[in-house]
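The following exercises concern a single protein model. Please examine the sequence and the structure before attempting them.

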Amino acid sequence: MESMVVFYPCLNIDETAAFYQEHLGLKLYDDQGKCKIFDTGYGYIGFCEYEDHELATKTCISFNLKDEAEVDAYYARCVAHHEKILSKPARHPQFHVYSFFIEDVNGYKVEFQKIEGK
């Protein structure tokens, strides 16, 4: 295997693409029209706009970052873009991470984390 991509359904592919490209800074890897794939630098994440507009439930998209400073930098970026912030950066001992959460344009929970000890 060379890599993998996980696809999530979205409500509007253009709004979703703008969020992940402009707000989070991901690079578009492949534009398939109603599906778009983004390069996270660690793997790929894709979004597809389906006719039924049903979303995945209880979904959390977690981006693993290199250190706590990068977590804090992404937090500042999200604040500057007026994202819906769900929590401030903090240590979560039960999961051994330093992270924060936002909500994307589809209502998905998005986490930016540094896994402690990695």
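Three exercises with worked solutions follow.

The model is predicted, so local features need pLDDT of at least 70 and side-chain atom pairs count only at pLDDT 80 or more, while totals for chains, interfaces and linings use all residues. Residues are numbered from 1 along each chain as its sequence is written, and side-chain values use heavy atoms, with hydrogens and water left out.

**Exercise 1.** Describe the largest pocket and its lining.

Step 1. The largest pocket holds about 250 Å³ of space. On a 1 Å grid over the protein atoms alone, a pocket is an open set of points where a 1.4 Å probe fits, with protein on both sides within 12 Å along at least five of seven lines; lining residues have an atom within 4 Å of a point.

Step 2. The lining comprises 13 residues, of which T40, G43, Y44, I45 and S62 are the closest to the centre.

Step 3. Strand 1 (5-10), strand 4 (44-49) and strand 5 (60-64) each give two or more residues to this lining; strand 5 gives the most, with five. Strands are DSSP runs of E, at least two residues, and helices are runs of H or I, at least four.

Step 4. By class, nine lining residues are nonpolar, four are polar and none is charged; Gly counts as polar here.

**Exercise 2.** Identify the residues and elements that build the largest nonpolar core.

Step 1. A nonpolar core is a set of buried Ala, Val, Leu, Ile, Met, Phe, Trp, Tyr and Cys residues joined through side-chain atoms within 4.5 Å. Buried means under 20% relative accessible area (1.4 Å probe, protein chains only).

Step 2. Of the 23 members, Y20, L24, F47, I61, F63, I102 and F112 touch the most others.

Step 3. Elements that each supply at least two residues include strand 1, helix 2 (68-80), strand 8 (97-103) and strand 9 (109-115). Helix 1 gives the most, with four.

Step 4. Beyond four places in sequence, I61 touches Y8, Y20, I45, F47, Y108, K109, V110 and E111 (contact: heavy atoms within 4.5 Å).

**Exercise 3.** Why do E49 and S99 count as buried, and which polar atoms lie by their side chains?

Step 1. E49, in strand 4, counts as buried because its relative accessibility is 17%. A polar atom of its side chain lies 2.8 Å from the backbone nitrogen of I13.

Step 2. S99, in strand 8, counts as buried because its relative accessibility is 0%. Its side chain makes a polar contact with the side chain of E111 (2.9 Å); such a contact is a pair of N or O atoms within 3.5 Å, one able to donate a hydrogen and the other to accept it.

Technical notes: Grid points are joined across faces, edges and corners, and a volume is the space filled by probe spheres set on the points. Buried means under 20% relative accessible area, exposed over 50%, partly exposed in between (1.4 Å probe, protein chains only).
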